[in-house]
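Here are my comments on the model you sent, set out point by point so that each can be checked against the coordinates.

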Amino acid sequence: MMKFLWMGGYYPFVWPSYAVTFAVIGLNIYWAKRLLARARRAAQRRVEIQLEMQEEAT
Amino acid sequence: MSEATLEGEKIHLWRGERHVLRGVTFRVTGGECLQLTGPNGSGKTSLLRTVCGLSYPEAGAIHWRGKDVRRDLPAFHAEMAYLGHEPPLKMELTARENLAYWIGVRRRMTRAEVDQTLERVGGERWSDRPVHTLSAGQKRRVALAGLLLMNVPLWLLDEPTTNLDVDGQRLVGTLLEEHLAGGGLAVTAVHHALLMSERGLRPLELGFA
Amino acid sequence: MTWTWFHRLASPPYLYRTAGRLTPWFAWPAALLIVAGLIGGLWLAPPDFQQGDAYRIIYVHAPSAWLSLMMYGVMGIAGGIGLIWRMKAAHAVAASAAPIGASFALVTLVTGSLWGKPMWGTYWAWDPRLTSELFLFLLYLGYMGLRAAFEDLQRADRASAVLAVVGLVDVPIVHYSVVWWNSLHQGALVFTGRRAMPPSMLIPLMVMFLGFTLYSVAVLCMRLRAEVLNRERTARWVREEVAA
Amino acid sequence: MPEVGAWSAPLPAAAPERAGAPSALGVARLMLERDLRLAFRKASQLIQPLAFFVIVTTLFPLAVTPSLAELRRIAPGVVWAAALLSSLLALEFLFRDDAQDGTLEQFALSGRALTGLLVAKTAAHWLLTGLPLALMAPVAGAALGVPEAAMPGILASVALGTVTLSLIGAVGAALTMGLRRSGALLSLLTLPLVIPVLIFGARATQLAIKGESYSAPLMLLAALAVLATTLAPLAATAAVRINLE
């Protein structure tokens with residue numbers, strides 16, 4: 001296991017590369033999910049406001 | 001069909017989240033002037049810009065001489081003149097130079113013709129001064145000279161009397177009357193009533209979006 | 001050949017629902033492939049006889065570079081479609097692709113320089129491929145900057161689409177001019193990876209390429225849904241969609 | 001007064017060159033004359049890029065070394081980076097002023113091909129910045145220890161390279177013409193696109209200084225200019241229409 005982590009002495013370059021890549025992979029998923037959640041919430045709020053306005057009108 | 005008619009057919013225009021024009025329909029033929037009225041923000045300028053092809057409507061079409069203008073915009077543009085809020089002039093050039101370039105790309109003009117037109121709008125005394133030394137009303141008169149020199153059947157005018165004194169407003173009225181009498185068409189967006197006869201005037205009220 | 005699928009894709013609710021339905025079909029295979037590629041690349045593949053274990057960076061570097069290029073292609077083609085056919089859905093695709101591509105261009109630059117340090121002894125050596133990647137990254141920044149500078153969404157869509165299409169023509173020219181420039185200034189710092197790879201190294205790389213591609217499509221679908229929802233806030237189908 | 005009355009008669013169908021209309025070439029000449037005249041009325045805008053070019057090139061001897069032998073080595077880079085930046089400087093105003101005062105809109109609605117008008121405007125921009133820069137480059141080169149024999153090469157490469165810079169820059173200027181503070185964005189958009197010009201131009205200059213044949217990079221510069229001439233005006237036209245909408 002240590003030998004694997006050691007990466008033939010290249011561990012300071014190999015592991016940060018993988019870390020950066022997978023951080024960005026994760027972040028892209030997170031950003032996309034957050035964007036979608038926000039868009040849904042904004043749309044829901046609009047529906048609620050419209051419903052309230054309809055209630056007030058009646 | 002080649003009679004000079006301008007028709008708008010159920011024009012819908014969105015600006016961002018605003019549905020500015022909601023199915024505007026109109027028809028103008030030779031000798032008629034369509035007057036667009038309505039409060040600020042009701043889409044008068046938007047409609048004019050859509051008619052002249054600058055804005056692209058989401059739905060609907062504009063027909064000129066019975067043909068959709070989108071099929072040949074240059075041919076349509078060659079027959080129309082659009083004047084926006086501000087006179088389209090270069091401040092560093094004289095009135096005469098401005099006309100030479102602005103109208104010059106459309107048609108060749110004789111010196112006498114330009115002189116005559118400048119005289120018509122009362123600009124013979126200041127036509128060789130740089131435009132930035134002219135008053136707002138004088139600039140507007142240069143724009144009117146340009147309008148006349150274009151020599152086209154269709155005028156699209158956005159608030160043509162802004163910054164003009166009573167004389168100037170009367171001039172606009174007279175020019176429009178003559179244009180209509182000669183078989184021309186006009187669409188104008190107006191706040192104040194134009195000083196002209198009611199003949200041929202067709203109002204179109206735009207409501208709030 | 002029928003064009004109905006093309007027109008149907010232009011309809012926002014159809015696009016929204018299709019993207020939603022497709023997301024897991026791309027996401028799960030992508031996850032599996034990336035894990036498999038990781039095992040293959042980090043564990044099963046033998047060390048390179050010249051570069052030792054440092055070459056293993058290629059398993060994240062090369063697929064990232066591919067994504068940054070592919071997303072630019074998606075952006076440029078979608079932008080072109082949006083300009084020509086005035087298709088709003090295409091602009092939404094272009095807008096969604098840009099941040100993904102830009103982030104992977106950045107990953108390519110970082111992993112490239114991390115690879116460069118043991119190979120060249122320096123983090124940055126004006127390698128032609130890295131240099132063109134830098135310009136690609138700057139193009140992405142310009143694209144997103146232009147998009148953000150407009151208040152009117154339609155204008156932002158169309159103006160940035162013009163830039164994307166111009167970039168699509170220009171990117172290959174930039175790349176080859178950089179390669180030409182590099183060949184003049186013999187630094188001999190080019191990656192030494194032009195030899196044929198043995199299958200034990202190559203297969204994990206191919207698996208990674210496929211995994212990254214599927215992953216990017218999944219993320220694109222998610223971003224696209226958000227983008228479509230934001231653009232269609234006032235539409236009736238959105239009301240039904242969020243109420244359900 | 002123009003005679004009116006026969007408006008309902010059909011005009012010769014969709015002919016851009018109707019009776020009394022100037023030819024396409026005449027329109028381009030008119031546009032070129034207009035932009036040159038305007039530029040000479042605002043002389044400060046005319047001088048600025050050139051002065052900027054001189055200042056940037058004189059910074060290097062002060063910042064690096066006064067030794068001509070060493071300056072000669074970096075001269076191609078200095079001349080080209082300075083030319084690139086100076087050319088960008090004037091771009092911001094290429095369409096902005098005309099867009100703001102409404103004259104560009106009138107040209108777009110004139111029924112004449114907008115692409116032709118924009119090409120004429122771009123040509124004016126090149127005459128006002130590219131050409132003066134090309135003439136100034138050998139002078140700046142001399143101050144950087146460039147031998148006289150290299151002057152034609154420098155002049156030719158800068159003259160040819162700035163054609164592409166003006167054309168691609170016009171696309172960037174058209175894209176940003178409606179934005180308020182666009183200077184930095186315009187540079188960010190344009191610079192990555194014009195890298196090939198920098199590479200080939202600097203290479204030609206370098207070979208000229210060494211006294212070798214620089215025809216290969218010059219040909220590449222010419223190829224870029226041809227490509228830009230065919231494609232960039234179309235993109236600029238699209239961008240202008242989008243921003244007038």
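The points below take up a sheet, two helix pairs and a chain contact in turn.

1. Please keep in mind throughout that this is a predicted model.

2. In chain B there is an open sheet of 5 strands, paired in parallel and arranged in the order β6-β7-β8-β3-β9. The edge positions are taken by β6 (80-83) and β9 (201-205) of chain B, each of which has a single partner strand, so one side of each is left without a neighbour in the sheet. From one strand to the next, the twist averages 15 degrees.

3. Within that sheet, β7 (residues 154-158) and β8 (residues 185-189) of chain B pair in the parallel sense over 5 bridges, and L154(B) is the residue that stands opposite L185(B) in β8(B). Across β3 (33-37), β7 and β8 of chain B lies helix α6 (residues 166-181) of the same chain, which runs at about 145 degrees to β8(B).

4. In chain D, helix α7 (residues 151-175) packs with helix α8 (residues 183-193) at an angle of about 155 degrees, their axes being 9 Å apart. Because angles over 145 degrees count as roughly antiparallel, α7(D) and α8(D) are described as roughly antiparallel to each other, and α7(D) passes α8(D) in a right-handed crossing. The residues that meet are I168(D), G169(D), G172(D), A173(D) and L175(D) from α7(D), and L186(D), L189(D), T190(D) and L193(D) from α8(D); by class, this contact has 6 nonpolar, 3 polar and no charged residues.

5. In chain C, the axes of helix α4 (residues 88-120) and helix α7 (residues 199-231) come within 8 Å and cross at roughly 130 degrees, and the two helices are therefore oblique to each other. The crossing of α4(C) and α7(C) is right-handed. On the α4(C) side the contact includes K88(C), A92(C) and I100(C), while among the residues they and their neighbours meet in α7(C) are R223(C), E227(C) and R231(C). This contact of α4(C) with α7(C) divides into 9 nonpolar, 2 polar and 4 charged residues.

6. Which parts of chain B touch chain D? Between these chains, 37 residues of chain B are in contact with 33 residues of chain D. On the chain B side, α2 (73-77) and α3 (95-102) each supply at least two residues, and α2(B) gives the most, with 3 residues. By class, the side of chain B that touches chain D comprises 16 nonpolar, 11 polar and 10 charged residues.

Note on methods:
Residues are numbered from 1 along each chain as its sequence is written. Chains are lettered from A and ligands numbered from 1 in the order in which they are written. This is a predicted model: local features need pLDDT of at least 70, side-chain atom pairs count only at pLDDT 80 or more; totals for chains, interfaces and linings use all residues. Axes are lines fitted to C-alpha atoms, for helices over the stretch in contact, and angles run from 0 to 180 degrees between N-to-C directions. Helices (H or I, at least four residues) and strands (E, at least two) are DSSP runs, numbered from the N terminus. Angles under 35 degrees count as roughly parallel, over 145 as roughly antiparallel, 65 to 115 as roughly perpendicular and the rest as oblique. A crossing is left-handed if the near helix is turned anticlockwise from the far one by less than a right angle, and right-handed if clockwise. Two residues are in contact if their C-beta atoms, placed from the backbone, lie within 7 Å. Ala, Val, Leu, Ile, Met, Phe, Trp, Tyr, Cys and Pro count as nonpolar, Asp, Glu, Lys and Arg as charged, and the others, Gly among them, as polar. Two strands pair if DSSP finds at least two bridges between them.
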